[in-house]
Amino acid sequence: MASRVLVVDDNESSRALLRCMVVALGHKMVAEADGMQQALEAYKKHRPDVVTLDLSMPGEDGMVVLKALRALDPQAKVIIVSANSQMKLYDALLSAGACGFLIKPASLEELEDLLA
């Protein structure tokens, strides 16, 4: 079954790459956001099945955005996308409610596994 996806990343190129990957896998992009405020507004409006969330963004970082999304919807499925591969960080993100991680650059197969 196709997932409805919200992509949150401050980098347009990263959003474009994820958009292409999501569509190539047969899922639907419902919205994109470049920061916390846009992410929360898009989540409220579209109620996506999955959010891909960049960890390193100016202003509010991904951990703050993750917590805000989970406060808005405790069932929100959020996949963290980051070049940071520190296990200590992943443990904290899992504790905060993340359901998975993609290490940049992610492959189609890795994204497909997390969207399934």
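Let me start with aromatic pairs, of which this predicted model holds one. The two rings belong to Tyr90 and Phe101, and they are stacked, with 4.1 Å from centre to centre and 25 degrees between the planes. Tyr90 sits in helix H4 while Phe101 sits in strand S5, so the pair ties together parts of the chain that are 11 residues apart in sequence. As for solvent, Tyr90 is buried, at a relative accessible area of 8%, whereas Phe101 is partly exposed, at 21%; the cut-off for buried is under 20%, so Phe101 falls on the other side of it.

Strand S5 brings me to the sheet. What is the order of the strands in this open sheet? Reading across, we have S2-S1-S3-S4-S5, five strands with parallel pairing. The edges are formed by strand S2, residues 28-33, and strand S5, residues 100-103, each of which pairs on one side only. From one strand to the next, the twist averages 20 degrees. Strand S1, residues 4-8, pairs with S2 in the parallel sense over five bridges, and if you would like one of the partners by name, Arg4 is bridged to Lys28 in S2.

Helix H1, residues 12-24, packs on this sheet and touches S1, S2, S3 and S4, with a direction that makes about 170 degrees with that of S2. Helix H5, residues 108-115, lies across S1, S3, S4 and S5, and runs at about 170 degrees to S5.

Now helix H3, which spans residues 62-72 and in which Gly62, Met63, Val65, Leu66, Ala68 and Leu69 are buried. In an α-helix there are 3.6 residues a turn, so residues three or four places apart point the same way. The cover over the buried residues of H3 includes helix H2 (36-46), strand S3, strand S4 (78-82) and helix H4 (87-95). At the start of H3, a side-chain oxygen of Asp61 comes to within 3.1 Å of the backbone nitrogen of Met63.

Let me turn to charged side chains, which can pair when they carry opposite charge and their charged atoms come close. How many salt bridges does a search of the whole structure find? The search finds seven, and I will go through three of them.

The first I have chosen joins the side chains of Arg19 and Glu32, at 2.4 Å from N to O. Arg19 is in helix H1 and Glu32 in strand S2, so that the pair links distant parts of the chain, 13 residues apart. Both ends are partly exposed, Arg19 with a relative accessible area of 27% and Glu32 with 29%. These two residues also belong to a network of salt bridges that links Glu12, Arg15, Arg19 and Glu32.

My next example is the salt bridge between Asp73 and Arg47, at 3.9 Å from N to O. Asp73 lies in the loop between H3 and S4, and Arg47 in the loop between H2 and S3, so this pair ties together parts that are 26 residues apart in sequence. Asp73 is buried, at 17%, while Arg47 is partly exposed, at 41%. Arg47 deserves a remark on its backbone as well, since its phi is positive, at about 45 degrees, although it is not a glycine. For context, most residues other than glycine have a negative phi, and most peptide bonds are trans.

The remaining example is Lys104 with Asp54, whose side chains meet in a salt bridge at 3.2 Å from N to O. Lys104 lies in the loop between S5 and H5 and Asp54 in strand S3, so the pair ties together parts 50 residues apart in sequence. Is Asp54 buried or exposed? Asp54 is buried, with a relative accessible area of 3%, whereas Lys104 is partly exposed, at 29%. Leaving aside residues up to four places away in sequence, Asp54 touches Val8, Asp9, Asp10, Gly62, Val81 and Lys104.

I will finish in the surroundings of Lys104, where the peptide bond to Pro105 is cis, with omega near -5 degrees. Pro105 is in the loop between S5 and H5. Ser14, in helix H1, has its C-alpha atom 9.3 Å from that of Pro105, although the two residues are 91 apart along the chain. With the same sequence neighbours left out, Ser14 touches Asp9 and Lys104, and both of these residues are also among the contacts of Asp54.

How values were computed. Residues are numbered from 1 along each chain as its sequence is written. This is a predicted model: local features need pLDDT of at least 70, side-chain atom pairs count only at pLDDT 80 or more; totals for chains, interfaces and linings use all residues. Side-chain values use heavy atoms; hydrogens and water are left out. Contact means heavy atoms within 4.5 Å. Buried means under 20% relative accessible area, exposed over 50%, partly exposed in between (1.4 Å probe, protein chains only). Helices (H or I, at least four residues) and strands (E, at least two) are DSSP runs, numbered from the N terminus. A polar contact is a pair of N or O atoms within 3.5 Å; within protein, one must be able to donate a hydrogen and the other to accept it, and residues adjacent in sequence count only if both atoms are side-chain atoms. Two strands pair if DSSP finds at least two bridges between them. Axes are lines fitted to C-alpha atoms, for helices over the stretch in contact, and angles run from 0 to 180 degrees between N-to-C directions. Rings of Phe, Tyr and Trp (its six-membered ring) pair if their centres lie within 6.5 Å; planes under 30 degrees apart count as stacked, over 60 as edge-to-face and the rest as tilted. A salt bridge is a side-chain nitrogen of Lys or Arg within 4 Å of a carboxyl oxygen of Asp or Glu.
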